[in-house]
Amino acid sequence: MTKPIFTWFPDRGSQQDVEPNVNVSKFGDGYELRVPNGINNQPQKWSLRFERGATEAATIIAFLKARGAVEAFTWTTPLSEEGTFVCRGYSTTQNGGTIEISAKFEQVFEY
């Protein structure tokens with residue numbers, strides 16, 4: 001089954017956060033052992049901003065709402081890396097004739 005594709009490109013100022021998932025064992029004298037937790041241990045998290053006209057903003061919101069943080073979608077990051085993501089949450093702000101959407105995308109690994 002193919003995943004839906006999020007086709008909109010975010011505005012400038014997008015932020016990527018990567019926090020590697022590792023198991024750490026600490027020993028005496030300050031020594032520690034670090035081991036990756038699984039093969040996909042560096043998921044990307046993105047804070048994105050889209051400022052669009054009402055029609056396009058409504059289309060973006062409808063896409064995110066339809067997925068409801070449950071269904072994953074394909075998205076190409078600003079670094080040109082394609083992956084599978086879910087939108088964990090979003091907010092909207094009206095700015096005169098435009099609507100600003102702030103969204104949090106998190107990379108997921110699934111079949």
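Begin by selecting Glu32, which is partly exposed, with a relative accessible area of 34%; buried here means under 20% relative accessible area, exposed over 50% and partly exposed in between, computed with a 1.4 Å probe and protein chains only. You are looking at a predicted model, in which local features need pLDDT of at least 70 and side-chain atom pairs count only at pLDDT 80 or more, while totals for chains, interfaces and linings use all residues. Residues are numbered from 1 along each chain as its sequence is written, and side-chain values use heavy atoms, with hydrogens and water left out.

Now add Lys26 to the selection: Lys26 forms a salt bridge with Glu32, and their closest N and O atoms are 3.8 Å apart. The term salt bridge stands for a side-chain nitrogen of Lys or Arg within 4 Å of a carboxyl oxygen of Asp or Glu. Lys26 is exposed, at a relative accessible area of 67%.

Move next to Tyr31, in the loop between strand 2 (22-26) and strand 3 (32-36); strands are DSSP runs of E with at least two residues, helices are runs of H or I with at least four, and both are numbered from the N terminus. Tyr31 counts as exposed because its relative accessibility is 58%.

Select Pro36, whose place is in strand 3, and then Val22: the two are 14 residues apart in sequence, yet their C-alpha atoms are 4.4 Å apart in space.

For the sheet, which order do the five strands have? The open sheet of five strands has the order 1-4-7-6-5, with antiparallel pairing, where two strands pair if DSSP finds at least two bridges between them. Its edge strands are strand 1 (15-18) and strand 5 (73-76), each of which pairs on one side only. Strand 1 and strand 4 (residues 44-53) pair in the antiparallel sense over four bridges, and if you select Asp17, you will find Lys45 of strand 4 standing opposite.

Finish with the salt bridges around Arg52 and Arg67. The side chains of Arg52 and Glu56 meet in a salt bridge with an N to O distance of 3.4 Å; Arg52 is buried, with a relative accessible area of 13%, whereas Glu56 is partly exposed at 35%. Select Arg67 and Glu71 as well, which form a salt bridge whose closest N and O atoms are 2.9 Å apart. Salt bridges that share partners join Asp11, Arg49, Glu51, Arg52, Glu56 and Glu100 into one network.
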